[in-house]
Amino acid sequence: MAKKDFQTARAGERTNSAGKPVSNRVLLSVSDNEYRFIRPHLEFLGMPHQLSLYEPNGPLEYVYFPNAGMVSLVIETEDGRTVEVGEVGKEGFAGIPAVSGMRKSQVREIVQIAGDGFRVKVDALQRVLRSSPQLLQMLTRYAVIHWLQMAQTAACNRLHKIEQRFARWLLITQDRVDSPAFFITHDFLATMLGTDRPTVSLAAGMLAKKGVIKWTRGEVRILSRAKLAKCACECYGAMREDRYGDGPLRQGEAFKPSACAEG
């Protein structure tokens, strides 16, 4: 097999059959030979804010590979309360249970930051995986990593202060969308963090006062990633380790948990 088969392609170097460029890291990392198997099945689609990809106990008809934006995995209890348990961006894929042959999921997966990407029918993906051992290994590895991150999120939501959790969420989201600014509301964050709007507003105000973020008209902008990292708990460090080969932390950035910078 040619050496190039084992090299990661750059964003935009690969396309689907309709010529839409690929930025998803899983699709860029698979070998040229195996990418040819999945390429005809990649259906491009816009992923607007609040698009529901999966509902609890609903059928898993597609697996999604985001190019941009962010998908939230949300658990809802019987009394209507919700909390985010995971996030997916261009580093991974949505619809993890389908890789193991499952056809339903207990988790709601919804687009929280608009973007675009590709979807593949589950039946087609299962056929592709029979002749694509590298892709199967990558998807399985991502599934395990994502499960570990979800476990860390559960611990964080139970044990750490809201300011730390908020800082951790902002860092992880920036890693997914590759931008220091994104549109979110206090109500949305309250839902994601499993708290109420006044508590989120208080945490946002504390970070803004310290010059870490700026929040206006539904847009949050990270002013200092280094300061934000110091405000986060150790959970961000555990969740952002270089598990994908090129960790999301910027080169040279230090992580110091629970030492939020003043002023």
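I started at Q112, whose side chain makes a polar contact with the side chain of Q50, at 3.0 Å. A reminder to myself: this is a predicted model.

Where does Q112 sit? I found Q112 in strand 5, which covers residues 108-121. Buried or exposed, I wondered about Q112 next? With a relative accessibility of 5%, Q112 counts as buried, because the cut-off for that is under 20%.

Then I looked up what Q112 touches, skipping its neighbours within four places in sequence. The list has H49, Q50, M70, S72, F188 and M192. I noted that F188 and M192 belong to helix 6 and also turn up where helix 6 meets helix 5, so I went there next.

Helix 5 runs over residues 162-177, and its 16 residues reach 22 Å from the first C-alpha to the last. That is close to the 22 Å expected at 1.5 Å a residue. I checked burial too: 15 of the 16 residues of helix 5 are buried, so the rest of the structure largely encloses this helix. Just after helix 5 comes D178, and I jotted down its positive phi, near 55°.

How do helix 5 and helix 6 cross? Helix 6 is residues 186-193, and the two axes come within 11 Å and cross at roughly 105°. That makes helix 5 roughly perpendicular to helix 6.

Which residues meet there? From helix 5 I listed I162, R165, F166 and W169, and from helix 6 F188, L189, M192 and L193. I sorted the residues of this contact by type: seven are nonpolar, none is polar and one is charged.

Technical notes. Residues are numbered from 1 along each chain as its sequence is written. This is a predicted model: local features need pLDDT of at least 70, side-chain atom pairs count only at pLDDT 80 or more; totals for chains, interfaces and linings use all residues. Side-chain values use heavy atoms; hydrogens and water are left out. Helices (H or I, at least four residues) and strands (E, at least two) are DSSP runs, numbered from the N terminus. The expected span of a helix is 1.5 Å times one less than its number of residues. Buried means under 20% relative accessible area, exposed over 50%, partly exposed in between (1.4 Å probe, protein chains only). Axes are lines fitted to C-alpha atoms, for helices over the stretch in contact, and angles run from 0 to 180 degrees between N-to-C directions. Angles under 35 degrees count as roughly parallel, over 145 as roughly antiparallel, 65 to 115 as roughly perpendicular and the rest as oblique. Contact means heavy atoms within 4.5 Å. Ala, Val, Leu, Ile, Met, Phe, Trp, Tyr, Cys and Pro count as nonpolar, Asp, Glu, Lys and Arg as charged, and the others, Gly among them, as polar. A polar contact is a pair of N or O atoms within 3.5 Å; within protein, one must be able to donate a hydrogen and the other to accept it, and residues adjacent in sequence count only if both atoms are side-chain atoms.
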